[in-house]
Amino acid sequence: MSAGLTRQALRKQPWSFAGPFVTQCLAAALVSGALGASSSMSGARLDPSARQVLTESSIPEMATLFVVVSVYLTALIVGLTMTSSIARQARDIALVRALGATPGRVRRAVATQAAVVAVPASVLGVPLGALLAHAWLAGLTGHQVIPPGVTFHPSAAALPAATGITVGASLVGALIAALRPARVRPAAALTETAVPRRRIGLVRTAIGLVLMAGGVALSIRIAGGDPAKAGESSFFTMLAMCVGAGFLGPVLLRLAAPLTRLFGGTGALAADNLAVRAKALSGALVPLVLAIAFAMVKVVTHTTSVHVRGVAEPAARVWTEYSGTVVYVAFAAVAAVNTLVTVLLARRRELAVTRLVGASRMRALAVVVCEALLVTVTALAVSTVVAMVTMLPMLHGMLGTWTPYLPTGQLAGGLAVVIGLVLVGTVVPALVAMRRPAVESLAVDS
Amino acid sequence: MDNVVELDAVTRTYGSRRRPVVALGGISLAVPAGTFVAVMGATGSGKSTLLQCAAGLDRPTSGRVRLVGRDVTRLREGALTRLRRDRVGFVFQSYNLLSELTVRQNVLLPRRLGGPRPRPLDEVLAEVGLSGLAGRSVGELSGGQRQRVAIARALAGRPAVVFADEPTGALDPTTGEQVLRLLRGGVDRSGVTVVMVTHDPLAAAWSDRLILLRGGEVVADVPTPDPASIAQRLRATTGDPVVAR
């Protein structure tokens, strides 16, 4: 039976698994790449003086930090994307429960799906990681940051580690999503899944607040502690707050929803939709906030330092600082777009109904754009808070200033990229979903 | 004769403890094997809740439900699931099939979940008039065909009882009649018990026994009369002003 439910799920919503597949592939690449780069450095055959140059460059430390960051980041995001894919099957799960599938059997079916996606994704991702690590090391030697003797050697641990983390996170994410539909009474599930639950969980909000507060507390501690260790700890500050933002997502989106009323009737429709979909969209909020906050911290730290000190940093140093961040930001951004696409494609039916009751294609699209903008605004606001909490104590410790600095051009560029990403994740799939006549879309899914 | 379904002072309330919404207010009834029961009532009268509690899809707030001789209110989720799988069939208004799977895969789903060996697939499909469609994806079928797949699924495993929730609600009268004929045939030929919720007097007329609900209570429990009398009784219980005059 596991096979039957798995096949149904994969056929019915190929896109909702394509998203996690791509994310997991990149996750495996990230983990194996970081491991490969780190082990290539420690295993490189260097004469003592070159070895000393390498150690003093502090790049090996940075590579170790990359390993830590990539493990946590991928586990979080892989789990999250898988959760949203499985959550969409709640109705089918309720149905097979009514027909006689025990909760244990449903969990097994869901675990099979998670593995079916994760194993090939990891196998594909590991060589990609090798390419990444190779390119990074080549860049570092090219900029003469590290001695030329350091070349890429594949790490034996890369495949098992990347596979283990990806498959593990995928399984955990899927099982968490299946927890509720597998356990509840089928009657409740069959009716409940037709209407997503609107209520915001108190526990959920409380966890979100605790994580946010934890992030702030951690940041205050970092400010008073050893600046050398700030890098690693500030990552955890950010992670805690981003996950917290995910938990608070429904509340935050609903707080922001009234903004769309500025756009009249279209905006009101968008606000209503958001209230219903707040939970699903929160899944996209975490990677989005992570991507923006990561980029913001790195870029603003750099520009503020240049601004305060009045001297440009050497190009090699800038390249080193940015190269790692670019990879993480790209990964989180891809995950965010994937989640947005998944959420939108789940609404094919709803979009069709909207059009049947009289919305033109343009009008339906306008509602989607309106929602996308609201998600963007929320993500930007939250990530600015997260970035500031992470960064301000560091800036103060390093440069003695509390005011971050970002040139207008870069700010505008960043905003454009974020808005572009969200639109790609919503408008493109909406156009695809609305390509066919509304009546046809309705007939397929019933 | 043994009772296949027995409800004893069953209540079901929803909502918070402070503001409970009573869906069932203490219902007792027994359905002997091999009977076709129609449950009617206005929207919100509790008929779907009654069906879900009787079928073990939902648990009552108080009271006891016996299904095929087992007290489902005391069964753990796993045992209850197996009982449903082995002895109970379901037909819903919205078909509730897995749309990406074929007719064969849907009909054999309970078996693949570990249920009893079903009757030969060809025989079952011929019975519901779907011969030759076993390999078709359910998504390609018409509404009437889908509902017949659901009936084939419900009847294939030789269940003791089939619960049907508005099985003809989404179908035209002719197609609906085919579906009802199939349910009736299950009762007459195989001795299956059918409990069907409906708001259509013409559909209810196929049953042996009519139960009318109002506000979560049984207001009538009679041998099924002709459609016109059913409609009249229904209007009387739902308090339709046309009748009140």
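This short talk describes a predicted model, with most attention to chain B.

Good morning, and thank you for coming. Let me begin with confidence. The model as a whole scores an ipTM of 0.72 and a pTM of 0.79. For chain B, the mean pLDDT is 87, and 97% of the residues of chain B reach 70 or more. Which elements of chain B have the lowest and the highest mean pLDDT? The lowest belongs to helix α10(B), residues 241–244, with a mean of 39, and the highest to strand β8(B), with 95. I would ask you to keep residues 240–245 of chain B in mind, since the pLDDT there is below 50. Leaving aside near neighbours in sequence, that stretch has five contacts in the model.

I turn now to the nonpolar core. The largest one holds 215 residues. Which of them touch the most other members? They are Cys242(A), Val289(A), Ala293(A), Ala332(A), Val39(B) and Val195(B). The largest share of this core comes from helix α11 of chain A, residues 264–309, which supplies 22 residues.

Let us follow one of those residues, Val195(B). Not counting residues up to four places away in sequence, Val195(B) touches eight residues that I shall read out: Val5(B), Val31(B), Val37(B), Val39(B), Leu51(B), Ala54(B), Val161(B) and Phe163(B). The last two in that list, Val161(B) and Phe163(B), take us to strand β7(B).

Strand β7(B) covers residues 161–165, and five of its five residues are buried. Which way do the residues of this strand point? Val161(B), Phe163(B) and Asp165(B) point one way, while Val162(B) and Ala164(B) point the other way. Please note that residues pointing either way from β7(B) are buried.

What are the partners of this strand? Strand β6(B), residues 88–92, runs parallel to β7(B), and five bridges join the two. In that pairing, Gly89(B) has Val162(B) as its bridge partner. Strand β8(B), residues 193–197, also runs parallel to β7(B), again with five bridges. Here Val161(B) stands opposite Thr193(B). To pass from β7(B) to β8(B), the chain goes through helix α7(B), residues 173–190, and this β-α-β crossover is right-handed.

Next, I would like to consider where the two chains meet. In this model, 23 residues of chain B are in contact with 22 residues of chain A. On the chain B side, the elements that give two or more residues are α2(B), residues 77–87, and α4(B), residues 109–112. Of the elements, α2(B) gives the most, with six residues. How is this side of chain B made up by class? There are seven nonpolar, eight polar and eight charged residues.

Finally, two details of the backbone. Ala9(B) has a phi near 50 degrees, which is a positive value in a residue other than glycine. This residue lies in strand β1(B), residues 3–14. Why does Ala9(B) count as partly exposed? Ala9(B) does so because it has 13 C-beta neighbours inside 10 Å, and the partly exposed class lies between 12 or fewer, for exposed, and 20 or more, for buried.

Arg158(B) likewise has a positive phi, near 50 degrees, and is not a glycine. Arg158(B) is found in the loop between α6(B), residues 143–156, and β7(B). With 16 other C-beta atoms within 10 Å, Arg158(B) is therefore partly exposed.

Thank you for your attention.

Notes:
Residues are numbered from 1 along each chain as its sequence is written. Chains are lettered from A and ligands numbered from 1 in the order in which they are written. This is a predicted model: local features need pLDDT of at least 70, side-chain atom pairs count only at pLDDT 80 or more; totals for chains, interfaces and linings use all residues. A nonpolar core is a set of buried Ala, Val, Leu, Ile, Met, Phe, Trp, Tyr and Cys residues joined through C-beta atoms within 7 Å. Helices (H or I, at least four residues) and strands (E, at least two) are DSSP runs, numbered from the N terminus. Two residues are in contact if their C-beta atoms, placed from the backbone, lie within 7 Å. Two strands pair if DSSP finds at least two bridges between them. A crossover is right-handed if, with the strands pointing away from the viewer, the path from the first strand over the helix to the second runs clockwise. Ala, Val, Leu, Ile, Met, Phe, Trp, Tyr, Cys and Pro count as nonpolar, Asp, Glu, Lys and Arg as charged, and the others, Gly among them, as polar. pLDDT is the predictor's confidence in each residue, from 0 to 100.
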